[in-house]
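Please open the model in your viewer and keep the sequence panel beside it. The tour below goes from one selection to the next, with a short account of what is found at each stop.

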Amino acid sequence: TPSAGNSPAGSGTTTPVKFDFSSPSRYPTPLCFHARARLADAASDSTLMTPQRFQEITGRYPALKIAIVGDFCLDRYLEIDPAKQEISIETNLPVHNVVRVRSQPGAAGTILNNIVALGAGTIFPVGFCGEDGEGFELQRALREKGSCVSLAHFQSTPSRRTFTYCKPLLMRPGKAPEELSRLDSKNWTPTPPDVEAKLAASFESLARSADARSEEHTSELQS
């Protein structure tokens, strides 16, 4: 929030933007991100945001513990080569030949990807996946983010399918990928009480030890 003393528009001069964090109640907290005391301490009272101060704040990221609570899904991409298209002898319909498959964490996993990129020290995903192939891929993709990601509070359960977005992509040389109709795998029944209880226990435990928590919900945890 700029201070009232900034130069008026069109004056041709600029002054540093001043942030006053001495009264947190003046600034509404985003619903998706609740910072605790250590993050608030990173921006001390009435501090000008300068490149030096920015480096000082971001230099603390490696010491932070972040909990991410929400719907973790598998984003699976099927790369299709249109030049290899065939016609099915069973249905007489076009066959899309997949030449490459790649996966990454999606939904709440997208937030995790971004926080990893920022260099946070330890990240705890709090969520679940099914005991299926997609769940194996999702856990592997989370581990591949590096040793900063701990799966101590990420559960695998036989009572749920792994939430998956499967995205077929037509890959043409020299052109951007063209996404075809997406294939989704979701759970259409309420989350079982035992799974909810484990999620709640993890949340309560991390609320006492993590420096911040991020929440991302889609229909999966809301159902």
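In which helix do E56 and R53 both lie, and how many residues apart are they? Both belong to helix 2, which covers residues 51-58, and they are 3 residues apart, or about one turn of the helix. Bear in mind throughout that this is a predicted model.

**First stop: helix 2 and its salt bridges**

Select E56 and R53 together and show their side chains: the two form a salt bridge, in which the closest N and O atoms are 2.5 Å apart. R53 counts as buried because its relative accessibility is 9%, under the 20% limit, whereas E56, at 38% relative accessibility, counts as partly exposed. Now add R60 to the selection, and you will find that R60 forms a salt bridge with E56 as well, with 3.8 Å between the closest N and O atoms. R60 has a relative accessible area of 34%, so this residue is partly exposed. Through salt bridges that share partners, R53, E56 and R60 are joined into one network.

**Second stop: D81 and K84**

Move next to D81 and K84, which form a salt bridge with their closest N and O atoms 2.9 Å apart. K84 is partly exposed, its relative accessible area being 44%. The count of such salt bridges comes to 11.

**Third stop: helix 4**

Select residues 133-143, which make up helix 4, and colour its buried residues, namely E134, G135, E137, L138, Q139, A141 and L142. If you then display what these buried residues pack against, you will see strand 5 (72-80), strand 8 (98-107), helix 3 (108-118), strand 9 (122-130), strand 10 (154-157) and strand 11 (164-170).

Within helix 4, centre the view on E134, which counts as buried because its relative accessibility is 18%. Leaving aside residues up to four places away in sequence, E134 touches L74, R76, T162 and T164.

**Last stop: the whole chain**

Finally, zoom out and switch to a cartoon, where the secondary structure of the protein chain comes to 6 helices and 14 strands. The chain has 223 residues, of which 35% count as buried. Among its contacts with a separation of 6 or more, 71% are between residues 24 or more positions apart. If you turn on a surface display, the accessible surface of the protein chain comes to about 13,200 Å², and 55% of this belongs to carbon and sulfur atoms.

Conventions:
Residues numbered from 1 in each chain as written. Predicted model: local features only at pLDDT ≥ 70, side-chain atom pairs only at ≥ 80, totals over all residues. Heavy atoms only, no water. Buried < 20%, exposed > 50% of the residue type's maximum accessible area, 1.4 Å probe, protein only. Helix = DSSP H or I, 4+ residues; strand = E, 2+ residues; numbered from the N terminus. Contact = heavy atoms within 4.5 Å. Areas by Shrake-Rupley, 256 points an atom, 1.4 Å probe, with all protein chains shown as cover. Salt bridge = Lys/Arg side-chain N within 4 Å of Asp/Glu carboxyl O.
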